[in-house]
Amino acid sequence: MKSLRLQLRFLLPLALLLVAAAYITVPLMDRLTLRWFLRDLDIRATFVADTLRGNLSILPGELTLETMQAEFNRANRDERLLGIALCDSQNAMLLRTPSFPEGVECSLVGNPAPTQSRVLPLRQGEIHVAVAPFNIGAFSDDRLVVLHDLSYVHRRTADSRDYLIMFFVGLGLAIALVTVLVAHISWRGWVAGTRALLRGESLLKPFQPPPEMQGVANELRAMLREMDEERRIRLHAEAWSAERLRNLLNTELRGEQVIVVSNREPYIHTHKDDKVVVSRPASGLVTAIEPVMRACSGTWIAHGSGDADRETVDRHDHVQVPPDDPSYTLRRIWLSEDEEQGYYYGFANEGMWPLCHLAHTRPVFRLSDWEFYRKVNQRFADAVVAEARTEDPVVLIQDYHFALLPAMLREKLPNATIITFWHIPWPNPESFGVCPWHQEILRGMLGSSILGFHTRFHCRNFLESVDRFMEARIRLEESTITFDGELTQVKNYPISIHWPDAEEAASWPAIDTCRSALRKRLGVPEDHLVAVGVDRFDYTKGIIERFNAVDRLISKYPELRGRFTFAQFAAPTRSALDEYQLFVHQAVALAERINKRHGRDGWQPIQLIAENQNAEEVNSHYRGADACVVTSLHDGMNLVAKEFVAARDDLRGALVLSEFTGAARELEAALIVNPYDVEVTADAIYKALTMSREEQAARMRSLRAIVSEDNIYRWAANMLLDAARMRRTERISARIVSSGEMR
Ligand code: G6P
């Protein structure tokens, strides 16, 4: 509306100006053209008179009225000549051509000298009268009268007037069109600028709106600054809990639908001894997302992989979970064996997993796996569309199993807010580029509204990969990518764990109980030193490097012989894959070799327990150990490190942590090691086992402060607040655009 008024403000004076110009110019042009035509007729009349006189003067013999009449008639053949006459000095008409109009008397035309013209108004219209002296023989005192029809002059003048008016109207329309076009283009520029501003793209490099829009732009900027500030204060003011996250979902997202997509389901139903039992998988991802789902009562879509899963769903493949306190819906997707083999084992775990983890295991890429991966991503996309109750749900896509899903979803639900979180590292462009479908993967991921990684370093690797392989606009300062007209915000959201409240921690078994239980389980005396490792049995976890460090530790510090045990709890994982079987075999063989080398009197330095442990057991191991050792060769975050810190409310125990984990960026008070450096790792474990109580407490206090603050609820809140902000922005800009289209 505003722009229409602005345009009218310009167009009205322009129209008035053009009317005034036409008002002055048209009569002026009329007079001018008439004068030109009269002058033209004067010249013609003189020419006719001269020719007539010339022809008559060369005639042989005496001039008679008859010979003159014949000459007059011949000269009068020109169609514009109305008539020619000869008047004597007494105003008697001696001769006239037949077309000479009645009523034009010699007395009317006067007695000019030399040739003179005038316009006579007659009944049949105006005529041009030219009078010239005859000057021949006996008729030398007589006058020639030449009459021209003026009607064609008037017709032509009227034509020119019409053309002139048409010219003015055309000019007016052209100027109006250009004005509207320019206004429209600058309006669109303004809208684009405003959208950029709302998205935060221009906070560092403010766009310059036209002066009349400056006020609105300033207001918008101020509003955004206020919102950001408010948000910053709110985020940091108090601790994040499930309750606070629930409130945030209700206020910021006003209870909008939240859909989570992951490969691994949070609850698996299996048959055991003729009964159906439910268990939770050993997955960091599930640990992280479950509290969010409990808080928002949404829908979680995942692969139904348990052998009793089909028996426990309703006809929509839904089951309410958690089983003891149902608070959200789990929608299961069924995969055929071929699909699971190609998509999960093949492309995701033999391709993407080693591609993203720099652990020196070669990725394997097969075309058939890739095709299954694409097909299964499409099946999950269809399921999201089927579960969506609105056209703009908030969809949280988890991990490397679904690189193609964001773009597939964007196509079907263009208004959805798609948050993709990549739980594993993102490699540098050289490493990533070996994947034959690297462009398709990037294109798929760029369907996300927000793309999250654990660390800034992984974000940078991703931006560099897009820069290397795609035609996209990248803004490094704002960490955004515009591809195919869509904007993706790339941001780091370090994941964390649920931080137990006092009541929950009070329900845990006492530290002494845990210490005894762990030592009993290992078959070692009560005063035995114990360090634990708790991992999935995966080649990225640095288990072999850890064993080598223990080997070196015992050799270097012989006083630990018989007094120390390293307990490795390793949950079997992806056992169908050769690479994993080989790795388990190597790790078991290495542990045996080391135990053989150092073991004596029933004591062994390493105990490898390749079993799943439930959450309570793991927590008890953490509480009972003197140290926890995390030596991943490459890890997106590593939640074991954070869980260990959360378990140690007694401020005892020490954490040895690989520098190649995302967690090392936050947990600086841990003993940070390069797991490839056996000497350093062995020394760090020794230091952990012999550290003074004071130092343990000081380090643990600092670690606990960080993890308790940056807990899983803050991780989720950060992402969801960004999503809420993005949705608000989209709505405001949609309103601006639609009001622009109405004008
Ligand atoms: C680890 C990774 C996750 C991944 C999960 C898959 O927890 O950190 O990013 O999603 O493994 O494990 P799975 O057993 O489902 O293959």
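Two strands count as paired here if DSSP finds at least two bridges between them. With that in hand, welcome to a set of close-ups of a predicted model.

**Figure 1. A hairpin built from strand 10 and strand 11.** Strand 10 covers residues 318-321 and strand 11 covers residues 328-333. The two run antiparallel and are joined by four bridges. To find your way into the pairing, start at His 318, whose bridge partner in strand 11 is Arg 331. Six residues make the connection from strand 10 to strand 11.

**Figure 2. Helix 8 crossing helix 9.** Helix 8 spans residues 337-356, and helix 9 spans residues 367-387. Their axes come within 8 Å and cross at roughly 105°, which means that helix 8 is roughly perpendicular to helix 9. On the helix 8 side, the contact is made by Asp 338, Glu 339, Gly 342, Tyr 343, Gly 346 and Phe 347. Residues of helix 9 that meet them include Trp 370, Phe 372, Tyr 373, Asn 377, Arg 379 and Phe 380. Sorted by class, the contact has seven nonpolar, three polar and five charged residues.

**Figure 3. The surroundings of Leu 405, in helix 10.** Helix 10 runs over residues 405-412. Is Leu 405 buried or exposed? Leu 405 has a relative accessible area of 0%, so it is buried. Setting aside neighbours within four places in sequence, Leu 405 is in contact with Val 261, Asn 377, Phe 380, Ala 381 and Ile 397. Two of these names may look familiar from the previous view: Asn 377 and Phe 380 belong to the helix 9 side of the contact with helix 8. Leu 446 is also worth locating here, with its C-alpha 10.0 Å from that of Leu 405 and their positions 41 residues apart in sequence.

**Figure 4. Phe 462 and its contacts, seen from helix 13.** Helix 13 comprises residues 456-469. Phe 462 counts as buried because its relative accessible area is 0%. Which residues does Phe 462 touch, not counting those up to four places away in sequence? They are Trp 426, Leu 442, Met 445, Leu 446, Leu 451, Phe 453, Ile 481 and Val 490. The C-alpha atoms of Phe 462 and Pro 425 are separated by 9.7 Å, and the two residues are 37 apart along the chain. Keep an eye on Ile 481, which returns in the next view as part of strand 16.

**Figure 5. Strand 16 with strand 15 and strand 17.** Strand 16 takes up residues 480-483, and both of its faces are covered. Thr 480 and Thr 482 are buried on one side, while Ile 481 and Phe 483 are buried on the other. In a regular strand, side chains alternate between the two faces of the sheet. Strand 15 (residues 473-475) runs antiparallel to strand 16 and is joined to it by three bridges, with Ile 474 standing opposite Ile 481. These two strands form a hairpin with four residues between them, and Ser 479 in the turn has a positive phi of about 55°. Strand 17 (residues 486-492) also pairs with strand 16 in the antiparallel sense, over four bridges. Here Thr 482 stands opposite Leu 487. Two residues lie between strand 16 and strand 17 in their hairpin, where Asp 484 in the turn has a positive phi of about 55°.

**Figure 6. Helix 16 packed along helix 17.** Helix 16 covers residues 543-556 and helix 17 covers residues 578-598. How are two packed helices described? By the angle between their axes and the distance between the axes. In this pair the angle is about 5° and the axes are 10 Å apart, which means that helix 16 is roughly parallel to helix 17. Helix 16 contributes residues including Ile 543, Ile 544, Phe 547 and Ile 554, and helix 17 contributes residues including Phe 583, Ala 587, Leu 590 and Ile 594. The contact of these helices has nine nonpolar, four polar and two charged residues.

**Figure 7. An open sheet of six strands.** The strand order is 20-19-18-21-22-23, and the pairing is parallel. Strand 20 (606-609) and strand 23 (671-673) stand at the edges with a single partner strand each, so one side of each has no neighbour in the sheet. From one strand to the next, the twist averages 20°. At one end of the order, strand 19 (residues 564-571) is joined to strand 20 by four bridges, and Gln 568 has Leu 608 as its bridge partner in strand 20.

**Figure 8. Residues 202-206, a stretch with pLDDT under 50.** The chain averages a pLDDT of 89, and 91% of the residues score at least 70. Over residues 202-206, however, pLDDT stays under 50. The model has eleven contacts for this stretch beyond four places in sequence. Where pLDDT is low, the predicted coordinates should not be read in detail.

Terms used:
Residues are numbered from 1 along each chain as its sequence is written. This is a predicted model: local features need pLDDT of at least 70, side-chain atom pairs count only at pLDDT 80 or more; totals for chains, interfaces and linings use all residues. Side-chain values use heavy atoms; hydrogens and water are left out. Buried means under 20% relative accessible area, exposed over 50%, partly exposed in between (1.4 Å probe, protein chains only). Contact means heavy atoms within 4.5 Å. pLDDT is the predictor's confidence in each residue, from 0 to 100. Axes are lines fitted to C-alpha atoms, for helices over the stretch in contact, and angles run from 0 to 180 degrees between N-to-C directions. Angles under 35 degrees count as roughly parallel, over 145 as roughly antiparallel, 65 to 115 as roughly perpendicular and the rest as oblique. Ala, Val, Leu, Ile, Met, Phe, Trp, Tyr, Cys and Pro count as nonpolar, Asp, Glu, Lys and Arg as charged, and the others, Gly among them, as polar.
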